[in-house]
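Please look over the sequence and the fold before reading on. The paragraphs that follow start from a single acidic side chain and then turn to the strands and the core.

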Amino acid sequence: MKKSRKTLLIVLILVLVIAAMVAAWFYFGPNGVAGKKTITVEVTHLDGTTNTFEVKTDEEFLGPALENIKLISGSDSEYGLFIDTVDGEYADPEKSEWWVFTVNGEMGNYGADQQPIADKDVYAFSVYEG
């Protein structure tokens, strides 16, 4: 009888901890900005060439804004969108290549599909070769 109460107490504590973590994520996690925005996206390709795009969007997050105009594509992963193609160029994970991006000159804090966007933000994508 004592063992089952102890087990029940442990399960209850785990449920409360998980609920607190979920609540904290929603409270402190990324929040998008509603409304029309114009952002700049700079893409540096493996050959060193750079293309710049002005993107007008109502989206609140970077991933959907760029997927809508077919500038990026990728696959869903446990961490969100895994971008493998930007501006038509594929970064091959088999060759230890992947796309990274900065937000206004600094590394992004989130994956692209969770990265909030604001009017006049500048995003720079480049291929990292590991």
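A salt bridge, as the term is used here, is a side-chain nitrogen of Lys or Arg within 4 Å of a carboxyl oxygen of Asp or Glu. With that cut-off in hand, consider Glu-97 in this predicted model, a residue that lies in strand E6, which covers residues 97–103. Glu-97 is buried and yet has no salt bridge, since the nearest side chain of opposite charge, that of Lys-95, is 5.3 Å away.

What does the side chain of Glu-97 reach at 3.0 Å? The atom in question is the backbone nitrogen of Asp-92. Leaving aside residues up to four places away in sequence, Glu-97 touches Leu-46, Tyr-90, Ala-91, Asp-92, Val-127, Tyr-128 and Glu-129.

Strand E6 also leads to the nonpolar interior, for the largest nonpolar core has 21 residues, and E6 supplies at least two of them, as do E1, helix H2 (62–68), strand E4 (80–86) and strand E8 (122–129). The members that touch the most others are Val-41, Leu-62, Leu-66, Ile-83, Trp-99, Tyr-123 and Phe-125. For Ile-83, the contacts beyond four places in sequence are Ile-72, Ser-73, Gly-74, Trp-99, Ala-112 and Phe-125.

Strand E1, one of the contributors to this core, spans residues 37–44 and pairs with strand E2, residues 50–57, in the antiparallel sense over 8 bridges. Within this pairing, Thr-38 has Lys-56 in E2 as its bridge partner. The two strands form a hairpin with 5 residues between them, and Gly-48, in the turn, has a positive phi of about 95°.

Notes: Residues numbered from 1 in each chain as written. Predicted model: local features only at pLDDT ≥ 70, side-chain atom pairs only at ≥ 80, totals over all residues. Heavy atoms only, no water. Helix = DSSP H or I, 4+ residues; strand = E, 2+ residues; numbered from the N terminus. Buried < 20%, exposed > 50% of the residue type's maximum accessible area, 1.4 Å probe, protein only. Lys, Arg positive; Asp, Glu negative; His and termini not counted. Polar contact = N/O pair within 3.5 Å; in protein donor to acceptor, adjacent residues only side chain to side chain. Contact = heavy atoms within 4.5 Å. Pairing = 2+ DSSP bridges. Core = buried A, V, L, I, M, F, W, Y, C linked by side-chain atoms within 4.5 Å.
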